[in-house]
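I opened the model today to go through its ligand shell, its sheets and its helix contacts. My notes follow in the order in which I looked things up.

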Amino acid sequence: MAPIPTFWSPRIGALEPYVPGEQPRIEGLIKLNTNENPYPPSPRVLDAVQAAAANGLERYPDPESMALREAVAAYYGLTRDQVFAGNGSDEVLAHAFFAFFQQAEPLLFADVTYSFYRVYAQLYGIECALQPVDDTLTIDVDAMAARAAQGCGGLVIANPNAPTGRSLPLADIERLLVACPARVVLVDEAYVDFGAQSAVSLIARHPNLLVVQTLSKSRSLAGLRVGFACGQAPLIDALTRVKNSFNSYPIDRLASAGAVAALEDEAWFRQTRDAIVDTREGLVLQLEDLGFEVQPSHANFVFVRHPAYDAAALAAALRERAVLVRHFRQPRIEQYLRISIGTRAQCSALVDASATIVG
Ligand code: PMP
């Protein structure tokens, strides 16, 4: 490794650059590797973005993202001071880590979960305590709650979890909230719309609950970069202070207009979401027929392994057949593949390609 330049801050050397390999610039690939929605956003989004582009781009956007926060608040029956908006939920998560988790005690999260939690912790010098998932990759909620109750700097849980797709019932989330009342419990609901229960309904009862969601997945807006957090007003106030210290204007005019339009088109949302859930259920059966073991999924992806084939070799063989899936070189899950749910045609192509390898 090249020596770390002396002008870098010491912690920068430990940060890893994003490997753009998951976003190859090759036409014609069946891209089932980054959990994007295979369907376009509501046509109303395009209209709204075009209208916004025709009007006001020379002006800064609203620093308070009022229209978007009001749309989220209306959707969930909250007030706008209970909603924070950011440039993708990754940015919202980063601000939340800065705002809530720089504590004396370590931050608690599962050892198999969204990889960016470690990145943000490292960025801000936050110590982590990893709660091991069991052999079925399930989070042991009793063990996690007991550990949280002994003292933690906060708790992060993805529900459904990534990359497994498994979800927890709200009663389990509530046990975690009760276990560490003095610290924030962040529930990352990037995939909640594909079959899990949202913890937003618990916000009124739990001042330590922050729910983070994204429009990248169930609303088909990964390209616009919009995410949001919901929680009681003091949590939103903390996030706003952090945001203002980084960038007063995280949501640009086009993203805001498109996001509001997406939230207002419930029919489009349901239709595309239902198609994905339906395709997922069919895909699970077809993969099981091919001998794959499939984790139960409430997300827009499935997490699978084949007892007779090496996962890295399978991913490479699929790539040779122009199908991209995700393989993680990570302890405990290196024999798994994560497959995003595409259109029915894309999933058929994946099954056909898999059959030529494992069939
Ligand atoms: N949380 C989880 C669990 C995710 O998988 C992702 C997407 N990779 C995100 C958050 C971030 O999504 P975005 O920044 O597109 O909103």
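I began with the shell around the ligand, whose residues divide into five nonpolar, five polar and two charged; in this count Ala, Val, Leu, Ile, Met, Phe, Trp, Tyr, Cys and Pro are nonpolar, Asp, Glu, Lys and Arg are charged, and the others, Gly among them, are polar. The shell consists of Gly 88, Ser 89, Asp 90, Tyr 114, Ala 158, Ala 162, Asp 188, Ala 190, Thr 214, Ser 216, Ala 222 and Gly 227, where a residue is near a molecule if its C-beta atom, placed from the backbone, lies within 6 Å of it.

I noted that this is a predicted model, in which local features need pLDDT of at least 70 and side-chain atom pairs count only at pLDDT 80 or more, while totals for chains, interfaces and linings use all residues. Residues are numbered from 1 along each chain as its sequence is written.

Next I traced the sheets, taking helices (H or I, at least four residues) and strands (E, at least two) as DSSP runs numbered from the N terminus, and counting two strands as paired if DSSP finds at least two bridges between them. One open sheet has seven strands in the order β2-β8-β7-β6-β5-β3-β4, with mixed pairing. Its edges are β2 (83-86) and β4 (128-131), each of which has a single partner strand, so one side of each is left without a neighbour in the sheet. On average, and with direction ignored, neighbouring strands here are turned by 20° against each other; axes are lines fitted to C-alpha atoms, for helices over the stretch in contact, and angles run from 0 to 180 degrees between N-to-C directions.

At the β4 edge I found four bridges to strand β3 (residues 107-110), the two strands running parallel, and Leu 107 stands opposite Cys 128 in β4. Helix α3 (residues 89-100) packs on this sheet, where it touches β2, β5 (154-158), β6 (185-188), β7 (209-214) and β8 (227-231), and its direction makes about 160° with that of β7. Helix α7 (residues 233-246) also packs on the sheet, touching β2, β7 and β8, with its direction at about 25° to that of β2.

I then turned to the other sheet, an open one in which four strands pair antiparallel in the order β9-β10-β13-β12. Its edge strands, β9 (293-294) and β12 (326-327), each pair on one side only. In β10, Val 304 is the bridge partner of Val 294, and helix α9 (residues 266-289) lies across β9 and β10 at about 10° to β10.

How do α3 and α4 pack? Helix α3 and helix α4 (residues 116-123) meet at an angle of about 45°, with their axes 10 Å apart, and are therefore oblique to each other; angles under 35 degrees count as roughly parallel, over 145 as roughly antiparallel, 65 to 115 as roughly perpendicular and the rest as oblique. Asp 90, Leu 93, Ala 94 and Phe 97 in α3 meet Phe 116, Tyr 120 and Ala 121 in α4, contact requiring C-beta atoms, placed from the backbone, to lie within 7 Å. By class, this contact has six nonpolar, no polar and one charged residues.

Last, I looked up helix α5 (residues 141-149) and helix α6 (residues 170-179), which pack at an angle of about 15° with their axes 8 Å apart, and that angle makes α5 roughly parallel to α6. The residues of their contact divide into seven nonpolar, no polar and two charged.

Definitions and conventions
Two residues are in contact if their C-beta atoms, placed from the backbone, lie within 7 Å.
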